[in-house]
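This report looks at aromatic contacts, a strand arrangement, nonpolar cores and some backbone details, and is meant to be read alongside the sequence and the coordinates.

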Amino acid sequence: RDGDTTVIALQSVYSIDGNDYVLRIGDGGIAQKYVYVTGTWSDITGSPTFSNKRTYILQGYGAVYFMNESDVLAKWDGSAWTTFTALSNPTTAPTLAKQGSGTGPRTYYYKYVFYNEIGYTLASNSANVASMPDTLDADTWIKVTIPSPPAGVTKIGIFRGLEAGQERYLAQMPASQTEYDDKGQNFPDETFSVPSGNTTSGFHFKIAVVFKDTIVGITTEMGDDTLVFSGGLDAFDNFGISSGGGFYSWRKGDGADIVSLQPFKEQLYVFKTNKTGVFDFSTTSGAATMKDVNLAVGAISQDAIHPAGNDLRGWGQDGAFSMGNEPNFADVIRSRLLSPRIQNTVDSLTKSDISKVVSVYHKNLSIWALPAGNEGDGNTIMAVYDERYVAWSIWKGMKAGVFTKYLDPKNGEHLYYGDVNSGKMIEMFQGYSDQGEPIDWRIATKQFDAGIQYKYKTFSRAYL
């Protein structure tokens, strides 16, 4: 796109309003679509102007979602855009009325939260009823009355606790209902306290993926060690607890941030900078679960990890690694370092830009775009591992900021990357030049060492 100097998002999407596209956003902030059969780019009508941040483009439940850490979540269905207007936080406390004559030592505290189709507000002020029995029942109970909600509210969440500030999610009711009779029929969910932020215009995502028909990610609102997930399916973009959404903190406060999420083999692999875990939803209760996998190996960026056949491959602090199941032990995950043969390259990377590493697996090749130039240059080389020959190649001058693959109407697979210096989408493995320039290359082999393998040699003519 004219004026763009880099690509901040690149993603293939399929069957959106009956069409397949490659979508791109440059630093100008306008979303574009590429139609493969015509080979043309065009601005998507009505596109918001996105900030110059890493933007995730996800497809699910018939629509495309655009999200980053600065902008409100945007949804495109192939013809129209949807953004979400934030609801005002409720301030008026609920009205409580004791019903029945039972007494006891308990004081019950209540708050409420408004939900819209995507998130929730902060909680209201608290109200309480004292001298209540230990257990509420049909004889002695509390009627909770909520003020009439404003336009845009779809549900109301009730929170109850035994101490002020300790209220937990109790129940939800439709916006048309403003009274809740608490007869002890529900119990507070200790997992979910009152919200810490207003997300009714959408969470702001630092990382986002689709896993089992839900959006899962890391947000500015919940912090770098907490996974946030939507309700899934028809609540694909709804993060409210009342719609099945929620959050799960993993090793919170251990000093390491979650930097990558990778769906793989029906589980979601979660990488901090120095450890790996697996997130999933229980097959019995549907609750979020988490387990440690490796407390020594982590990743350096969201896109440094990619699936490669039966393994995950990634780039960590020590270089490239592979992670997969130990043969004959389905629950044992082993990891091994792949990059000792290119240790000089690993050691020479620009550490200040290491979080920009991106990768992809394509036709037996694991490709990592790496920063090896001056600080601020971003990715300047590619390290390529060919699993067929257990061999490495270093490709210079290919400056990828993001990869995507596209399956054309004839099932041909194409690999593209977004150039960090030009704003262009470039197709790899096509043609015989580097955008019109000759391709310089060098091969290292002991096949023709002439008995002096330690000496550098130049062959004037070589035929393959």
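A residue is called buried when its relative accessible area is under 20%, exposed when that area is over 50%, and partly exposed in between. The structure is a predicted model, and the description begins with its aromatic side chains.

**Aromatic contacts**

The structure contains 30 aromatic pairs. One of them joins Tyr 21 and Trp 76, whose rings are 5.8 Å apart centre to centre and tilted, with 50° between the planes. This pair connects distant parts of the chain, because Tyr 21 belongs to strand E2 (residues 19-26) whereas Trp 76 belongs to strand E7 (residues 74-76), 55 residues apart. Trp 76 has a relative accessibility of 1% and therefore counts as buried, and Tyr 21, at 6%, counts as buried too. Both residues take part in one aromatic cluster, which is made up of Tyr 21, Phe 50, Phe 66, Trp 76 and Trp 81.

Charged side chains also meet aromatic rings in this model. The charged end of Arg 24 sits over the ring of Trp 41, at 3.8 Å from its centre, and Lys 183 lies over the face of Trp 141, 4.6 Å from the ring centre.

**A four-stranded sheet**

Strands of a sheet pair through backbone hydrogen bonds, in either a parallel or an antiparallel manner. Here, an open sheet of four strands follows the order E17-E18-E19-E20, and its pairing is antiparallel. Its edges are formed by strand E17 (205-211) and strand E20 (246-249), each of which pairs on one side only. On average, and with direction ignored, neighbouring strands of this sheet are turned by 25° against each other. Strand E19 (residues 223-229) and E20 run antiparallel and are joined by four bridges, and within E20 it is Gly 246 that serves as the bridge partner of Phe 229.

**Nonpolar cores**

The largest nonpolar core has 41 residues, of which Met 67, Leu 227, Leu 261, Val 270 and Phe 279 touch the most other members. E17 gives the most to this core, contributing five residues. With residues up to four places away in sequence left out, the contacts of Leu 227 include Val 216, Ile 218, Gly 246, Phe 247, Leu 261, Val 270, Phe 279 and Met 290. Apart from this core lies another one, of 21 residues, among them Tyr 110, Val 153, Ile 158 and Tyr 180.

**Loops and backbone angles**

Which residues that are not glycine have a positive phi? Two examples are Val 390, with a phi of about 50°, and Asn 411, with a phi of about 70°. The table sets out the loops and accessibilities of these residues together with those of Glu 387.

| Residue | Loop between | Relative accessibility |
|---|---|---|
| Val 390 | strand E31 (381-386) and strand E32 (391-396) | 42%, partly exposed |
| Asn 411 | strand E33 (400-407) and strand E34 (413-419) | 60%, exposed |
| Glu 387 | E31 and E32 | 27%, partly exposed |

Glu 387 touches Arg 313, Tyr 361 and Asn 364, when residues up to four places away in sequence are not counted. The C-alpha atoms of Glu 387 and Asn 411 are separated by 24 Å, and these two residues are 24 residues apart along the chain.

Methods:
Residues numbered from 1 in each chain as written. Predicted model: local features only at pLDDT ≥ 70, side-chain atom pairs only at ≥ 80, totals over all residues. Heavy atoms only, no water. Phe/Tyr/Trp six-rings, centres within 6.5 Å; stacked < 30°, edge-to-face > 60°. Helix = DSSP H or I, 4+ residues; strand = E, 2+ residues; numbered from the N terminus. Buried < 20%, exposed > 50% of the residue type's maximum accessible area, 1.4 Å probe, protein only. Lys NZ or Arg CZ within 6 Å of the ring centre and 35° of its normal. Pairing = 2+ DSSP bridges. Axes fitted to C-alpha atoms, helices over the stretch in contact; angles between N-to-C directions. Core = buried A, V, L, I, M, F, W, Y, C linked by side-chain atoms within 4.5 Å. Contact = heavy atoms within 4.5 Å.
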